[in-house]
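Please read the following report alongside the model. It covers confidence, core, salt bridges and surface in turn.

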Amino acid sequence: SGSAISMTEDGETSEAPALSPDALTAFGMHDPEIYEHNRQIKESTQLLFGQVISTLAQRLLEECSTPEKVKSLNLSREMHARGVNMRHLGLLRKHIPEHSPQPGAQGLRELMLREIVGRTLKQL
């Protein structure tokens, strides 16, 4: 059994008990704890979309204040360290303002777009 990521009040991520892979599927319908598993999945999803991704975007903006820092960023590692799968890269990019006065914002958006395009082309 593995572990999942949860976010603390101060925006830090930590390990939480693993979520059931059978939640929200017909595979779990005979599990006596299915309602609890489904609730955990729904709460985790709300936390991810409502807080974790936007907090990660703000952290990246703060940490990537120069083009050099953007260049040295390992985006995949930063996302996975906070429990965010790369498939949510477009949503993360959406949280970086297009016309932000912050120095690294445009570089971050470009890095994310290159990653999205690269991953898309790899699938062709």
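This is a predicted model. The chain averages a pLDDT of 88. Of the residues, 88% score at least 70. Confidence varies by element. Helix 4 has the highest mean pLDDT, 97. Strand 1, residues 3–7, has the lowest, 54. Where pLDDT is low, the predicted coordinates should not be read in detail.

**Core**

The largest nonpolar core holds 21 residues. Six of them touch the most other members: Leu 60, Leu 75, Met 79, Leu 92, Leu 108 and Met 112. Four helices each supply at least two residues of this core: helix 1 (34–63), helix 3 (75–81), helix 4 (89–94) and helix 5 (105–122). Helix 1 gives the largest share, with 7 residues. In soluble globular proteins, nonpolar side chains tend to be buried together.

What does Met 79 contact, leaving aside its neighbours within four places in sequence? The list is Leu 56, Val 84, Asn 85, Met 86, His 88, Leu 89 and Leu 92. Two of these partners, Asn 85 and His 88, are not among the residue types that can belong to a nonpolar core.

**A buried asparagine**

Asn 38 lies in helix 1. Is Asn 38 buried or exposed? Asn 38 counts as buried because its relative accessibility is 15%, and the cut-off for buried is under 20%. Not counting residues up to four places away in sequence, Asn 38 touches Ala 23 and Leu 24.

**Salt bridges**

The count comes to 5 salt bridges. The table gives three of them, with the N to O distance for each.

| Pair | N to O distance |
|---|---|
| Glu 36 and Arg 39 | 2.3 Å |
| Glu 78 and Arg 82 | 2.6 Å |
| Arg 119 and Glu 115 | 2.7 Å |

Take the helix 1 pair. Glu 36 and Arg 39 both lie in that helix, 3 residues apart, about one turn of the helix. Glu 36 is partly exposed, with a relative accessible area of 33%. Arg 39 is also partly exposed, at 34%. Both values fall between the cut-offs of 20% and 50%, so neither residue counts as buried or as exposed. The pair belongs to a network of salt bridges that links Glu 36, Arg 39 and Glu 43.

The helix 5 pair has a similar layout. Arg 119 and Glu 115 both lie in helix 5, 4 residues apart, about one turn of the helix. Arg 119 counts as partly exposed at 33% relative accessibility. Glu 115 counts as partly exposed at 26%.

Then there is the pair formed by Glu 78 and Arg 82. Which class do these residues fall in, buried or exposed? Glu 78 is buried, and Arg 82 is buried too. Their side chains meet in the salt bridge at 2.6 Å.

**Surface**

Helix 5 contributes to the core, yet one of its residues also takes part in a nonpolar surface patch: Leu 121 lies in helix 5 and is a member of that patch. The patch covers about 420 Å². Leu 113, Val 117, Leu 121 and Leu 124 make it. Leu 121 counts as exposed because its relative accessibility is 53%, and the cut-off for exposed is over 50%.

**Recap**

Helix 1 supplies 7 core residues, holds the buried Asn 38 and carries the bridge between Glu 36 and Arg 39. Helix 5 supplies at least two core residues, carries the bridge between Arg 119 and Glu 115 and includes the exposed Leu 121.

How values were computed:
Residues numbered from 1 in each chain as written. Predicted model: local features only at pLDDT ≥ 70, side-chain atom pairs only at ≥ 80, totals over all residues. Heavy atoms only, no water. Core = buried A, V, L, I, M, F, W, Y, C linked by side-chain atoms within 4.5 Å. Buried < 20%, exposed > 50% of the residue type's maximum accessible area, 1.4 Å probe, protein only. Contact = heavy atoms within 4.5 Å. Salt bridge = Lys/Arg side-chain N within 4 Å of Asp/Glu carboxyl O. pLDDT = per-residue confidence, 0-100. Patch = residues over 30% accessible without salt bridge, like charges linked within 9 Å, V, L, I, M, F, W, Y side chains within 5 Å. Areas by Shrake-Rupley, 256 points an atom, 1.4 Å probe, with all protein chains shown as cover.
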